[in-house]
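Please read this briefing alongside the sequence and the coordinates shown below. It takes up charged pairs, a sulfur link and a sheet in turn.

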Amino acid sequence: QVQLVESGGGLVQPGGSLRLSCAASGFTFSYADMRWYRQAPGKERELVARITGPGTGTYYRDSVKGRLSIARDNAKSTVYLQMNSLRPEDTAVYYCNALAPRGLMGTTVDYWGQGTQVTVSS
């Protein structure tokens, strides 16, 4: 059965750092495009960062560029989000997402984790 399990969230002061982890199982992790999303109360879920299967390509939304960094370890089937210089507006539930091939060309499937809370406050 497919699982994405996030961890590493918590309370941090503005300017502080945190590292989120997402442990994956039940599919071929190295073939999957991995993403981090976040959602604040009353707001739409938004894409934070993504990384390609081999880990050679990364993308970030403008508001996190230079502060957040996505990485993956295919041997551990884990994707990370290193968060530095955190701001109160980074406060949200952070979700791990996988876009995985079904095995048929042009066909993919989405998987989601349960989320982990990040709170940036004094």
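Which side chain meets that of Arg67 in a salt bridge? The partner is Asp90, with an N to O distance of 2.8 Å, in what is a predicted model throughout. The two residues belong to distant parts of the chain, 23 residues apart, with Arg67 in the loop between strand 6 (58-60) and strand 7 and Asp90 in the loop between strand 8 (78-83) and strand 9 (92-101).

**Salt bridges**

- The structure holds 7 salt bridges, and the pair of Arg67 and Asp90 belongs to a network of such contacts that also links Arg38, Glu46 and Arg61.
- Both Arg67 and Asp90 are buried, and the general background is that side chains of opposite charge can pair when their charged atoms come close.
- Asp33 takes part in a salt bridge with Arg35, where the closest N and O atoms are 2.6 Å apart, and Asp33 also forms one with Arg50, where the closest N and O atoms are 2.3 Å apart.
- The pair of Arg50 and Asp33 connects distant parts of the chain, since Arg50 lies in strand 5 (residues 46-51) and Asp33 in strand 4 (residues 33-39), 17 residues apart.
- Asp33 and Arg35 are both buried, and Arg50 is buried as well.

**Disulfide**

- The model has 1 disulfide, formed by Cys22 and Cys96, whose sulfur atoms are 2.1 Å apart.
- This disulfide joins distant parts of the chain, with Cys22 in strand 3 and Cys96 in strand 9, 74 residues apart.
- The torsion about the S-S bond of Cys22 and Cys96 is about -80°, and the disulfide is therefore left-handed.
- Cys22 has a relative accessible area of 0% and is therefore buried, and Cys96, at 0% relative accessibility, likewise counts as buried.

**Sheet**

- An open sheet of 4 strands runs in the order 1-3-8-7, and its pairing is antiparallel.
- Its edge strands are strand 1 (3-7) and strand 7 (68-73), each of which pairs on one side only.
- Neighbouring strands of this sheet are turned against each other by 15° on average, with direction ignored.
- Strand 1 pairs with strand 3 (residues 18-25) in the antiparallel sense over 5 bridges, and within strand 3 the bridge partner of Leu4 is Ala24.
- Strand 3 thus appears under two topics, as it holds Cys22 of the disulfide and pairs with edge strand 1 in the sheet.

Methods: Residues are numbered from 1 along each chain as its sequence is written. This is a predicted model: local features need pLDDT of at least 70, side-chain atom pairs count only at pLDDT 80 or more; totals for chains, interfaces and linings use all residues. Side-chain values use heavy atoms; hydrogens and water are left out. Two strands pair if DSSP finds at least two bridges between them. Axes are lines fitted to C-alpha atoms, for helices over the stretch in contact, and angles run from 0 to 180 degrees between N-to-C directions. A salt bridge is a side-chain nitrogen of Lys or Arg within 4 Å of a carboxyl oxygen of Asp or Glu. Buried means under 20% relative accessible area, exposed over 50%, partly exposed in between (1.4 Å probe, protein chains only). A disulfide is a pair of cysteine sulfur atoms within 2.5 Å.
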